[in-house]
Amino acid sequence: MSTQTTTSTIPNTKNHFEVLDGLRGIAAIGVVVFHFSEWLFPDSSKNFIGHGFLAVDFFFCLSGFVISYAYDDRIQQMSLGQFFKLRLIRLHPLVVIGSLLGIIFWFWAPSAFNTSKYSITQIILLSVTSLLLIPMPTMADRLLNLFGLNAPSWSLFWEYIANILYATILHKLSVTALKILLFFATLFLAYTAYDKGTLTGGWGGTTFWDGLARLGYSFLIGILIQRKQWIIQNKIGFIGLSIMLLCMMMMPYVGKYWVSELLVVLFYSPLLVSLGAGTINYVSTQKIAKLSGEISYPLYMCHYWTNWFFAEYLAKTKPSTSDIVLVVILGTLALILFAYIIMKYVDKPIRKYLLQKYGR
């Protein structure tokens, strides 16, 4: 019996890239740890996972690859309404669930946040905009996040923009036209990195357009990786690529770090997608890669509410380093379990129902 299977080429029948999906889960876990560690290391250069935010650029690149792979050969036979309906069914239930968690735990709030200073009108407006994924960077006590009730929604907002652009324009363009767009997207990304001194922006009102710069390059290169089949056959596997992905997020701050961040987004992140699409999926890691992929999106969208409780824990108890490490480890494991429960008993049943009722 063979001890491995491979997903190294894209066949005529649709294949499922379980290693790429699994890497999305590893990136989501990295983001969770990054968000916890931000409270411990306000200076990102001292944070052991200080470049965890680069996981978002990996997400954008992977999204371009997956959307192109899934829809390039059939979107012409679909109406815009059908496409958007399918994407909303896939993405929006967790937007709503993450927002509801943010609303619930804002009122069941740590003492550090005073909800009484917000009027009923403001609360309703914040809740509605969060549920509908409309940016509203007005909450000063949430660092002017585009989505104060669930900060990670900012990247989903740009994901929606990418889907709209793909369905209306990008799928129609030739490879040459996409390369021209990629050239200008590269200039925009390079200017943003140089101007801001980092590529960490896009999540807040003061760095709104940084999100477009990060989306533009990564999403386009993801599409081109799929269309041009820039897929690298390899035997690295899920474990090896997970280590490579973690190395990206744990990259140290050295010199003019905007340069290293730019190079990672331009070359290293797309390389991971190319390698992930062409690697062998060993039997020994198939189950963990599959599980990692399944919990990735619910983990990303449903974890941030815990950060405010973690901040209060740090402020009130002044814990030792060993206690903090233990809390972060246990908290991350608990959130992985929570994400699994959300995926299995909430998100999947909702999407199944919506697909049956509205997916045609």
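In this predicted model, isoleucine 324 touches Leu40, Phe310, Leu314 and Pro319, leaving aside residues up to four places away in sequence. Isoleucine 324 belongs to helix 12, which spans residues 321–358. Its relative accessibility is 14%, so isoleucine 324 counts as buried, the limit for that class being under 20%. A further relation links this residue to a remote part of the chain: isoleucine 324 and phenylalanine 36 are 288 residues apart along the chain, and their C-alpha atoms are separated by 9.9 Å.

Phenylalanine 36 and Leu40 also take part in a contact between helices, in which His35, Phe36, Trp39 and Leu40 of helix 1 meet Thr306, Asn307, Trp308, Phe310, Ala311 and Leu314 of helix 11. By class, this contact of helix 1 with helix 11 comprises seven nonpolar and three polar residues, with no charged residues. The axes of helix 1 (residues 18–40) and helix 11 come within 10 Å and cross at roughly 30°. Helix 1 and helix 11 are therefore roughly parallel to each other, as angles under 35 degrees are classed in this way. The crossing of the two helices is right-handed.

Helix 11 (305–317) is followed by a loop leading to helix 12, and lysine 318 is found in this loop. Lysine 318 has a positive phi of about 50°, although it is not a glycine. With a relative accessibility of 66%, lysine 318 counts as exposed. A positive phi, of about 60°, is also found at leucine 133, likewise not a glycine. Leucine 133 is located in the loop between helix 4 (120–131) and helix 5 (153–168). The relative accessible area of leucine 133 is 6%, and this residue is therefore buried.

A second pair of helices is formed by helix 8 (residues 237–249) and helix 9 (residues 257–278), whose axes come within 11 Å and cross at roughly 165°. This angle makes helix 8 roughly antiparallel to helix 9, since the class covers angles over 145 degrees. The crossing of helix 8 and helix 9 is left-handed. On the side of helix 8, the contact is made by Leu241, Met244, Leu245 and Met248, and on the side of helix 9 by Val264, Tyr268, Leu272, Leu275 and Gly276. Eight nonpolar residues and one polar residue make up the contact of helix 8 with helix 9, and no charged residues are present in it.

Helix 8 also contains methionine 249. At 0% relative accessibility, methionine 249 counts as buried. Leaving aside residues up to four places away in sequence, methionine 249 touches Ile26, Ala27, Gly30, Ile49, Gly50, His51, Gly52 and Ala55. Methionine 249 and isoleucine 124, by comparison, are 125 residues apart in sequence and 36 Å apart in space, C-alpha to C-alpha.

The third pair consists of helix 2 and helix 7 (residues 208–227), with axes that come within 7 Å and cross at roughly 40°. Helix 2 and helix 7 are therefore oblique to each other. Helix 2 passes helix 7 in a right-handed crossing. Helix 2 supplies Val56, Asp57, Phe60, Cys61, Ser63, Gly64, Phe65, Ile67, Ser68 and Tyr69 to the contact, while helix 7 supplies Arg214, Leu215, Ser218, Phe219, Ile221, Gly222, Ile223, Ile225, Gln226 and Arg227. The residues in the contact of helix 2 with helix 7 divide into eleven nonpolar, six polar and three charged.

The largest nonpolar core has 99 residues, among which Phe58, Tyr71, Leu156, Tyr166, Leu245 and Tyr300 touch the most other members. Helix 2 (residues 55–71) gives the most to this core, contributing twelve residues. Tyrosine 300 touches Ala28, Val31, Val56, Phe59, Pro152, Trp154, Ser155 and Leu156, again without residues up to four places away in sequence. Separate from the largest core is a second core of eight residues, which includes Trp106, Ile123, Met136 and Met139.

Technical notes. Residues are numbered from 1 along each chain as its sequence is written. This is a predicted model: local features need pLDDT of at least 70, side-chain atom pairs count only at pLDDT 80 or more; totals for chains, interfaces and linings use all residues. Side-chain values use heavy atoms; hydrogens and water are left out. A nonpolar core is a set of buried Ala, Val, Leu, Ile, Met, Phe, Trp, Tyr and Cys residues joined through side-chain atoms within 4.5 Å. Buried means under 20% relative accessible area, exposed over 50%, partly exposed in between (1.4 Å probe, protein chains only). Helices (H or I, at least four residues) and strands (E, at least two) are DSSP runs, numbered from the N terminus. Contact means heavy atoms within 4.5 Å. Axes are lines fitted to C-alpha atoms, for helices over the stretch in contact, and angles run from 0 to 180 degrees between N-to-C directions. Angles under 35 degrees count as roughly parallel, over 145 as roughly antiparallel, 65 to 115 as roughly perpendicular and the rest as oblique. A crossing is left-handed if the near helix is turned anticlockwise from the far one by less than a right angle, and right-handed if clockwise. Ala, Val, Leu, Ile, Met, Phe, Trp, Tyr, Cys and Pro count as nonpolar, Asp, Glu, Lys and Arg as charged, and the others, Gly among them, as polar.
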